[in-house]
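Me: Please take a close look at one part of this structure and describe its surroundings in connected prose. I would like the polar side chain treated before the nonpolar packing.

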Amino acid sequence: MPKTRASLLVIAATLITVATLFLLPFTPRIAVHTTVIQTGDLIRSTLLEGVVCYENEQPCVALKAGKVARIYVKEGQRVKQGDLLFSMDTTAEEAALAAVISACNQQAQTGLNGLEQLAAVASSQTSLALKEKLAELESSIALAQIRAETDGVVGGVYAKEGELVGQMTLLGDVHGTRKAIAAAGRASELVGVTHGAFAVLQAASGEANGLATVAALGAPAINDATAQTMQTVSLLPTDQAALSDAAIGDRMMVELICESTADVALIPIAAVDAQERVWVIENGHATPVSVDVTHRNDEYVAVSKEWAEKRIVLLPSARQLYADCAVKEASN
């Protein structure tokens, strides 16, 4: 009897255990594709369309309408920084300047005794106005003298002496002796680009044309036609021989390196969900962890090396995954 009773107790316990297993909620493992985070270098680049030009191109423009008084250079002439290239007629300004200087001299030579001291106080505002007019005329005359901004060669002379021209008329241009590349791109894509950044040049035919470095970056400006904020880039080839066969005006593609970060953990873009999280797998369970996606290119996000060798979910689905869910490797 005791044996029978013990057997019944064992059977009852077994039945209770089996029933409990059936009654407990069953959580299936979610099938996911995974990858292990590797380390490497992150390179972010952008493709720009450029044109072959001369370095340091300086357009010489008339800053106000008037008559071209003198042209001091001719096409192909070498000039040095500060050399006078063109001058606009300033006859009226010079006459007004002489009159102002004469008036200033007269005031300076007038005796200041007795009642004249009271007159001097009364005329102080007039004296100040004369000085302001003097500065204005001197500035106007200086702006009419167009000088070379850097050493270079006169590329062209487009005006004639005595010709009447409008404001901002192109009178000529000066350029450097080396060939360069002028390009432009969206300012948002050029964030992080600095002087000296590298670029890969490619001719319109598809042939590689060597490397170049950023020589200058223009200020961002809104393009009226597209309403996009654009930025100009001037590049110099590391080897001038690379552009020896290129003619001024030839088109060229430029792959500009915007950012280069060495020895970082690289998370595939396909592993980052819409909430900028990565699902890290540990002990068969997936947990979402936020990541900073600031440093990225079209394929990877660069993060701290502490992420290296972690296993993560590829193509995470917000409808499928939840915190600490059980996962397994998908079969295909």
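Reply: In this predicted model, the side chain of Arg 44 reaches the backbone oxygen of Glu 189 at 3.5 Å, and a polar atom of that same Arg 44 side chain lies 2.5 Å from the backbone oxygen of Val 191. Arg 44 belongs to strand β2, and its relative accessible area is 18%, so it counts as buried, the cut-off for that term being under 20%. If residues up to four places away in sequence are not counted, Arg 44 touches Glu 189 and Val 191, then Leu 256, Ile 257, Cys 258 and Glu 259, and finally Arg 296 and Asn 297.

The nonpolar packing can be taken up from here. The largest nonpolar core has 19 residues, and those with the most contacts inside it are Leu 48, Ile 181, Val 193, Val 214, Leu 235, Val 254 and Leu 256. Two or more residues of this core come from each of β2 (38-54), β11 (179-186), β12 (198-203), β13 (208-217), β15 (229-237) and β16 (251-268), with β16 giving the largest share, four residues. Within this core, Leu 235 is one of the residues with the most contacts; leaving aside its neighbours within four places in sequence, Leu 235 is in contact with Ala 180, Ile 181, Ala 183, Ala 199, Ala 212, Thr 213, Val 214, Ala 215, Val 254 and Leu 256. Apart from this core lies another, of 17 residues, which includes Val 68, Ile 146, Ala 159 and Val 165.

Conventions
Residues numbered from 1 in each chain as written. Predicted model: local features only at pLDDT ≥ 70, side-chain atom pairs only at ≥ 80, totals over all residues. Heavy atoms only, no water. Core = buried A, V, L, I, M, F, W, Y, C linked by side-chain atoms within 4.5 Å. Buried < 20%, exposed > 50% of the residue type's maximum accessible area, 1.4 Å probe, protein only. Contact = heavy atoms within 4.5 Å. Polar contact = N/O pair within 3.5 Å; in protein donor to acceptor, adjacent residues only side chain to side chain.
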